[in-house]
Structures are given as structure tokens and as C-alpha cells.
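Where is there empty space in this protein, and what surrounds it? Look first at the enclosed voids, then at the open ones.

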Amino acid sequence: MHKVHTVPQRSDIEHAHAVIKPYIHRTPVLSSQSINKITGIELFFKCENFQKIGAFKIRGGTCAALALSDEEKQNGIATHSSGNHAQAVALSAQRLGLKAYIVMPSNAPPVKIAATKGYGAEVTFCDPTLEARESTLAQVVARTGATEIHPYNNYNIITGAATAAKELIEDTEGLDIILAPIGGGGLMSGTALSTRYFLPGAEVIGAEPENVDDAFRSFKAGAMLYNTTTDTIADGLRTNLGEKTFDIILRYVDDIITVSEKEIAEAMRLLWERMKIVVEPSSAVPFAAVLKSKDRFTGKRIGIILSGGNVNLNDLPF
């Protein structure tokens, strides 16, 4: 795998897809007659909750780890993450025989902490703020010489994440709109690029919790704005956009819809009840956006990326 230094091109995504194939699952696309009936919309769910590590993040983690030089591989890889990216980097490192150093906020879900340690990573805890994450990671990198793999502000991460939408497009026909959740923007920007390259007629819409709506506000303002809180049940979406992801989102995403905590919990519950699948709150955010804006989507064929299923079963919102 080569290092991607600019906005990923169609050929970059195709190459990454071929290279990471042995390391990932081609996850199923599921639909539910009862959900289609309730909504009046044809919905196709790309189930990254069935992905290795239980989330789409293994795609970007593998892509970025495989792009390292032999010299970089010697000192291992490092990152900060509340969970899914941590697991992706830890498992990618384990498979390639590299050391992994992960900084995790003290309020990260216990299920994600346990899994990250289970893949053999060295975990360092920090206060649950972006400043603390970044300063702690800087100390870890200084101590170990490890190469930082940023959770989203990295073109190889974006390229890997784009392969989920590529598969969704290949495994469905004639989608009108594709939705993905927005946290740091890696999945959203990758989804926007794949849609532009492989299904240029379709719309791309992002979905975000109202409580951490930096992407929505930034998108409307045309400039990077920041969250002052991380108060949402969608723990995978508490983070801010990066400049690389924001640039792509600004250019290629058509709209962003925000949803309340109650709407997220209700959408998550409906997916559990009707689809019989475990999804984490972050995954339910795009579906919540569809439920909220039903009139806008009626009669359309819509693809939704269910980003992951690593939910803390002791702390369900219903």
C-alpha cells in the first residue's frame, strides 16, 4: 500500500480496497421490510457492525499501517481514540507484528478499552479532552519513536474508510442518497469521495448529534468551528473534524442533518428491535436523521452506513 498524500483519488480507493481485502470482512448490506414500511423509504444498511473489531475503523487502520515504511514499522504505531480506532490500530499492529501505543480518555467505554488491551496494545489513559489526548500522545510518541496514525485527519485513513461506501454501492442498485455519521469526518469524507467516484448521481448526506454539531456549524459557516462539550451517547462522534476531512466534506457533502439524543436512542432501539442487530449509538445517527426528515426521503432508495456495534451493554439508552 502506498502513502496517500493528497485527497484520495478513485485509483487510491480501488488500490486500497484490493490491498486490505485479506484483512477485512466484506460486510453484508441488509434491509428490513418492516422498517421500509414504517418509513415509506427503501433503506439499505451497510453493516460495519459485523466488521472485524466490530466497526469500519479496521479499514482505515489497516490501510494506514500497511502504508508505513520499514523504518517506521520498527518503532510501532501510536494514536489517541475513545475506542473503535484504538482497536483498529491495535489489531492492525498485532497482525503486522508491530507495537501499538494507544492513548484513551478515562471515560472511554470499558468494552472498547478491554478489546484494545486484548489486541496487545499498550494503553495510556488521559483526561477526556482533546487537548489531553493530544498532549499525552505527543509524550508517548516522544518516548517510543512510534509513528502517529491519526484517527481521521490522515489520507490513508480516509482512503480505507471510503471502501465501505464503495462496497455498499457495488452491492446495491440505483441508490439516490447515501448517509453516514460524522465524528472526526474520516468515514464521512471517505463516503463522499466513493459516492462521487462510483455513483456520481447520488446525494451524500451527513448526520451528527445536536450536542456535538461542530461539522454542521462548520459546514454552514464554511470555516472550522469547534465543540465545547462531548456530551452525547454517540461516543464515536464526540470528536471534532480535522482540516483534511473538513476540506472534503465542504466540497463533496450535500447536506448535514443533526439529531437529538432522544432521536438517536429511538433510532437505535428500532434497529435492535426490527433488524435484530446490535449497533452502537453512533451507528444509529444517520437512521435517526432519516426518521426525523421522513418527508424529504419518501420514495427514495437510501444507503446508510452502520458504522459499528461496540456498545456497552451495561449502559443502553433504552
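A pocket is an open set of grid points with protein on both sides within 12 Å along at least five of seven lines, whereas a cavity is a set of points where a 1.4 Å probe fits but cannot get out. The model is predicted.

Take the second largest pocket. It holds about 230 Å³ of space. Its lining has 14 residues. Nearest its centre lie Ile-233, Asp-235, Arg-238, Asn-312 and Asp-315. By class, the lining divides into seven nonpolar, four polar and three charged residues.

Now move to the largest pocket. Its volume is about 320 Å³. The lining counts 17 residues, and Pro-128, Thr-129, Leu-130, Thr-230 and Arg-238 are the closest to its centre. Arg-238 thus appears in both pockets: it is listed by the centre of the largest pocket and by the centre of the second largest pocket. Which helix gives the most to the lining of the largest pocket? Helix 7, residues 130-144, does, with three residues. The classes here are four nonpolar, nine polar and four charged.

Next come the enclosed spaces. How many cavities of 30 Å³ or more does a search of the whole structure find? There are two.

The largest cavity contains about 330 Å³ of space. A set of 29 residues lines it. Lys-57, Gly-184, Gly-236, Leu-237 and Thr-239 lie nearest its centre. Two helices each supply at least two residues of this lining: helix 5 (84-96) and helix 9 (186-198). Helix 9 provides the largest share, three residues. Sorted by class, the lining of the largest cavity has eight nonpolar, 15 polar and six charged residues.

The second largest cavity holds about 40 Å³. Phe-56, Lys-57, Gly-60, Gly-61, His-85, Pro-151, Ile-157 and Ala-161 form its lining. Lys-57 links the two cavities in this account: it lines the second largest cavity, and it is among the residues nearest the centre of the largest cavity. Helix 3 (57-66) and helix 8 (155-170) each supply at least two residues of the lining of the second largest cavity. Helix 3 gives the most, with three. Four of the lining residues are nonpolar, three are polar and one is charged.

Go back to the model with these residues in mind. Start at Arg-238 for the two pockets. Then turn to Lys-57 for the two cavities.

Notes. Residues numbered from 1 in each chain as written. Predicted model: local features only at pLDDT ≥ 70, side-chain atom pairs only at ≥ 80, totals over all residues. Heavy atoms only, no water. 1 Å grid on protein atoms, 1.4 Å probe; cavity = no way out; pocket = protein on both sides within 12 Å on 5 of 7 lines; lining within 4 Å. Points joined across faces, edges and corners; volume = space filled by probe spheres on them. Helix = DSSP H or I, 4+ residues; strand = E, 2+ residues; numbered from the N terminus. Nonpolar A, V, L, I, M, F, W, Y, C, P; charged D, E, K, R; others polar.
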